[in-house]
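Work through the exercises below with the model open. Try each task before reading its solution.

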Amino acid sequence: MSDAEVEAASLDALALAEAACTRCPLYRHATQVVPGEGHRQARMMVVGEQPGDKEDLAGRPFVGPAGRLFDSILDQAGIPRDQIFVTNAVKHFKFQPRGKRRLHRSPNAGEIDRCNWWLGQERKLVAPAVLVAMGATALRSLLGRPATISSLRGTIQRLSDDTPMVATVHPSWLLRIRDSAQRAEEEARFLADLRRGWQALDR
């Protein structure tokens, strides 16, 4: 059976199938696949864009600088990370070498669409009641089309299967804000977005 046909029966089986994925070229240069992780029956699933350098080396999502900021804001929002499921729309790190550094490159539409198979499998296995899309790549993957965060932010959208979705920025974007006052303001908006998703579980 090819990786295009895998229907995993568990998250562990899915991680093994993802590790053998050749659906797009990104596997050729990444250190390893980075599957989603978290509560196996999480009611909220948070979808990021793709693994970064630290995630690629560790094989786990959201363990680098953006992950630490994410954890901090989750804590401020009163959302236990061990009660949610965190993953990425694209499971391999796409980068451009620059000396000894590996600079992040955004996945293209084909890479996002090819990797959507694995995100779909995670959604089937976890069956979250609410989705949070962090960044444009996550948004495209969940919607199946390009969309801007600004056009959807602050509301709860419904996907084609009626699952509620909250759109927000990726925490790596927050790290790039140099002005301290602006960063504090944007972190507060990000916190509100996460809390909006978490509170939607009570509706």
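**Exercise 1.** Locate Gly78 and decide whether Gly78 is buried, partly exposed or exposed.

*Solution.* This is a predicted model. Start with the position: Gly78 sits in the loop that runs between helix H3 (65-77) and strand S3 (85-88). Next, take the relative accessible area of Gly78, which is 48%. Buried requires under 20%, and exposed requires over 50%. Gly78 is therefore partly exposed. Finally, relate Gly78 to Ala167: they are 89 residues apart in sequence, and their C-alpha atoms are 19 Å apart in space.

**Exercise 2.** Describe the surroundings of Arg153 and classify Arg153 as buried or exposed.

*Solution.* Arg153 belongs to the loop between helix H6 (149-152) and strand S7 (157-158). The relative accessibility of Arg153 is 14%. The cut-off for buried is under 20%, so Arg153 counts as buried. Now list the neighbours. Leaving out residues up to four places away in sequence, Arg153 touches Ala167, Thr168, Val169, Glu186, Arg189, Phe190 and Asp193. With Asp193 there is also a polar contact, side chain to side chain, at 2.6 Å.

**Exercise 3.** Work out how H1 and H4 are oriented to each other.

*Solution.* Take helix H1 (residues 11-19) and helix H4 (residues 109-126): they pack at about 175 degrees, and their axes are 10 Å apart. Angles over 145 degrees count as roughly antiparallel. H1 and H4 are therefore roughly antiparallel. Then look at who makes the contact. H1 contributes Leu11, Leu14, Ala17 and Glu18, while H4 contributes Trp118, Gln121, Glu122, Leu125 and Val126. Sorted by class, the contact holds six nonpolar, one polar and two charged residues.

**Exercise 4.** Classify the ring pair formed by Phe62 and Phe70.

*Solution.* Two numbers are needed. A pair of aromatic rings is described by the distance of the centres and the angle of the planes. The whole structure has two aromatic pairs. In the pair of Phe62 and Phe70, the ring centres are 5.2 Å apart and the planes stand at 40 degrees, so this pair is tilted. Both residues are buried.

**Exercise 5.** Compare the settings of Phe62 and Ala127, each a non-glycine residue with positive phi.

*Solution.* Phi of Phe62 is about 55 degrees. Phe62 lies in the loop between helix H2 (53-58) and H3. Its relative accessible area is 5%, so Phe62 is buried. Phi of Ala127 is near 55 degrees. Ala127 lies in the loop between H4 and strand S6 (130-134). At 53% relative accessible area, Ala127 is exposed.

Methods
Residues numbered from 1 in each chain as written. Predicted model: local features only at pLDDT ≥ 70, side-chain atom pairs only at ≥ 80, totals over all residues. Heavy atoms only, no water. Helix = DSSP H or I, 4+ residues; strand = E, 2+ residues; numbered from the N terminus. Buried < 20%, exposed > 50% of the residue type's maximum accessible area, 1.4 Å probe, protein only. Polar contact = N/O pair within 3.5 Å; in protein donor to acceptor, adjacent residues only side chain to side chain. Contact = heavy atoms within 4.5 Å. Axes fitted to C-alpha atoms, helices over the stretch in contact; angles between N-to-C directions. Parallel < 35°, antiparallel > 145°, perpendicular 65-115°, else oblique. Nonpolar A, V, L, I, M, F, W, Y, C, P; charged D, E, K, R; others polar. Phe/Tyr/Trp six-rings, centres within 6.5 Å; stacked < 30°, edge-to-face > 60°.
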